[in-house]
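Welcome! Have a look at the sequence and the model below, and then we can walk through a few of the side chains together.

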Amino acid sequence: MKKMYLVGVLCLGIFSTALQAQFAGLWTVQEVKVGTEMLTPVAKWFQFEEDESLSSGNGGVRNMVGSYKLNEEKGMVEFRNENGQTDPMGPFSYKLDGEGMQMEREEEGQVVVVVLKRASNIPLAPWDEMVGFWSLSEGEAIGQLQSIFIKWDRRYVARTPEGRKTGVWHIDGHQPILRLISDGGDAEDSQWTFEFLSKTQLQWKRKVADEEETLLLVKQE
């Protein structure tokens, strides 16, 4: 009996190690569904290590450090923050399927489903690609923007015929919306929808007095 027990313990240890290795790695979030609503965050990723440490972020911004714990018998995974406190929303059930994984739990009466895919690189987010020096190629905006330097520290410096304009920039975490919050006050603030036409071409659009302004910006290397 003692020998059989020892074999069982050893097999359980081997299984646990194999599952941990299968779960570990870099995963990108493909879809988040809350009830019937799609709420997929931009460029969201999770890095699960075999030592049960965990980090997560959106693009180049890491916004979570902690740990995770697998319950193999129940097929559950529990997240903890860097202080060891468990996620108050409770654990997720999970299903691994080759290069894909699905996590699910209930939050405030609604089912939350997270679909992930294994990845080799952290995905770029719009705020990663936005950083740099851009010059106006086509279009004309109020204030006659000529160029804008979008800095990694969330500051911007714009050039206009009136001179240098500065402020803070922010991109929505779920939609392609850029806000420029001017140091000059609310009257100089602006909000744009944007689209990357290529790595070096960026299009901005906004409505002003029922008319649409469109700017085409080119990134200077």
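## Lys219 and its surroundings

Let's begin with Lys219, which belongs to strand β17, spanning residues 211–220. Please keep in mind that this is a predicted model.

What lies 3.3 Å from a polar atom of the Lys219 side chain? That partner is the backbone oxygen of Glu129. Glu129 also appears among the residues in contact with Lys219 once neighbours within four places in sequence are set aside, and the others are Val131, Gly132, Phe133, Trp134, Lys199 and Thr200.

## Aromatic pairs around Phe196

One of those contacts, Trp134, leads us to the aromatic rings. How many aromatic pairs does the structure hold? There are eleven aromatic pairs. Among them is the pair of Trp134 and Phe196, which is tilted, with 6.4 Å from centre to centre and 55° between the planes. Trp134 sits in strand β10 (residues 132–138) and Phe196 in strand β15 (residues 190–196), so this pair ties together parts that are 62 residues apart in sequence.

Are the two rings' residues, Trp134 and Phe196, buried or exposed? Trp134 is buried, as its relative accessible area is 0%, whereas Phe196 counts as partly exposed at 22% relative accessibility. Phe196 also forms an aromatic pair with Phe194, and that one is edge-to-face: the centres are 5.9 Å apart and the planes make an angle of 80°. Phe194 is buried, with 9% relative accessible area.

## Pro176 in its loop

Now for a proline. Pro176 is located in the loop between β13 (163–171) and β14 (177–182). With a relative accessible area of 45%, Pro176 is partly exposed.

Which residues does Pro176 contact, leaving aside its neighbours within four places in sequence? They are Trp192, Thr193 and Phe194. Phe194 is the residue that forms the edge-to-face pair with Phe196. As for Phe196 and Pro176, they are 20 residues apart in sequence, and their C-alpha atoms are 9.8 Å apart in space.

## An aromatic cluster and a lysine

Elsewhere in the sequence, one aromatic cluster is formed by Phe23, Phe46, Phe48, Tyr68, Phe79, Phe92 and Tyr94. Which cluster member has the charged end of Lys44 over its ring? The answer is Phe46: the charged end of Lys44 sits over the Phe46 ring, 5.5 Å from the ring centre.

Key. Residues are numbered from 1 along each chain as its sequence is written. This is a predicted model: local features need pLDDT of at least 70, side-chain atom pairs count only at pLDDT 80 or more; totals for chains, interfaces and linings use all residues. Side-chain values use heavy atoms; hydrogens and water are left out. Helices (H or I, at least four residues) and strands (E, at least two) are DSSP runs, numbered from the N terminus. A polar contact is a pair of N or O atoms within 3.5 Å; within protein, one must be able to donate a hydrogen and the other to accept it, and residues adjacent in sequence count only if both atoms are side-chain atoms. Contact means heavy atoms within 4.5 Å. Rings of Phe, Tyr and Trp (its six-membered ring) pair if their centres lie within 6.5 Å; planes under 30 degrees apart count as stacked, over 60 as edge-to-face and the rest as tilted. Buried means under 20% relative accessible area, exposed over 50%, partly exposed in between (1.4 Å probe, protein chains only). A charge sits over a ring if NZ of Lys or CZ of Arg is within 6 Å of the ring centre and within 35 degrees of the ring normal.
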